[in-house]
Amino acid sequence: IERTFDHLAGARDIIGPDAELMLDAWMTYDVDFTVRLAERLRPLRMRWLEECLDPEDLAGHVEVRRRVPWQTFAGGEHLFTRYPFAQVIEARCLDILQPDITWVGGLTETIRICHLAAAANLPVILHGGGLNQWGLHLSVAMPNVPMVEFFIGSAPGVPLDEQVRTRDRKS
């Protein structure tokens with residue numbers, strides 16, 4: 001917990017007090033660890049904590065929500081089809097739903113999830129597929145999709161600013 005806090009405190013120092021800072025735990029925590037970590041990270045004003053628990057641990061998500069009502073929690077990239085999303089929505093245990101359009105069942109199933117979320121006044125931020133042609137169109141078309149997640153990476157040891165992201169067609 002202290003190493004995670006130190007790492008995120010360093011990130012907060014770099015990005016400043018007004019930038020959004022999130023943590024993706026990739027399903028590695030249990031309920032008690034998530035609660036303890038959320039309490040420790042509270043001074044950093046995290047925008048959200050993502051995928052803290054096993055995605056199928058609905059009771060665990062409900063317990064975390066009960067014990068940490070002030071923190072925003074995101075997740076759902078490892079939920080498949082709209083049915084588990086409907087359970088999460090009914091339990092009100094996640095604040096931001098993050099289906100992966102390429103894993104959840106495609107465009108039509110993601111639209112259904114967006115509609116379920118909109119009826120519950122919950123935002124959707126695609127985990128994956130947000131910059132492919134169908135994910136981009138969906139994200140612009142759905143009023144409850146406030147942003148798109150995408151990955152910018154580079155090979156080990158190559159700074160991001162040296163990574164080629166787009167090609168200039170004029171040169």
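**Internal spaces and a helix pair**

About 120 Å³ of space lies in the largest cavity of this predicted model (a set of points on a 1 Å grid over the protein atoms alone where a 1.4 Å probe fits but cannot get out; a volume is the space filled by probe spheres set on the points, which are joined across faces, edges and corners). Of the 16 residues lining this cavity, Glu 51, Cys 52, His 61, Ala 74 and Leu 94 are the closest to its centre; a lining residue has an atom within 4 Å of a point. The lining consists of 11 nonpolar, three polar and two charged residues (Ala, Val, Leu, Ile, Met, Phe, Trp, Tyr, Cys and Pro count as nonpolar, Asp, Glu, Lys and Arg as charged, and the others, Gly among them, as polar). Strand E3 (73-75) supplies the largest share, three residues.

The largest pocket has a volume of about 380 Å³ (a pocket is an open set with protein on both sides within 12 Å along at least five of seven lines). Its lining, which includes Trp 48, Gln 98 and Phe 150, has eight nonpolar, one polar and two charged residues.

Helices H2 (residues 31-41) and H3 (residues 58-67) pack at an angle of about 30°, with their axes 10 Å apart (axes are lines fitted to C-alpha atoms, for helices over the stretch in contact, and angles run from 0 to 180 degrees between N-to-C directions; helices, H or I, have at least four residues and strands, E, at least two, as DSSP runs numbered from the N terminus). H2 is therefore roughly parallel to H3 (an angle under 35 degrees).

Residues are numbered from 1 along each chain as its sequence is written. Local features need pLDDT of at least 70 and side-chain atom pairs count only at pLDDT 80 or more, while totals for chains, interfaces and linings use all residues, and side-chain values use heavy atoms, with hydrogens and water left out.

Methods
Angles under 35 degrees count as roughly parallel, over 145 as roughly antiparallel, 65 to 115 as roughly perpendicular and the rest as oblique.
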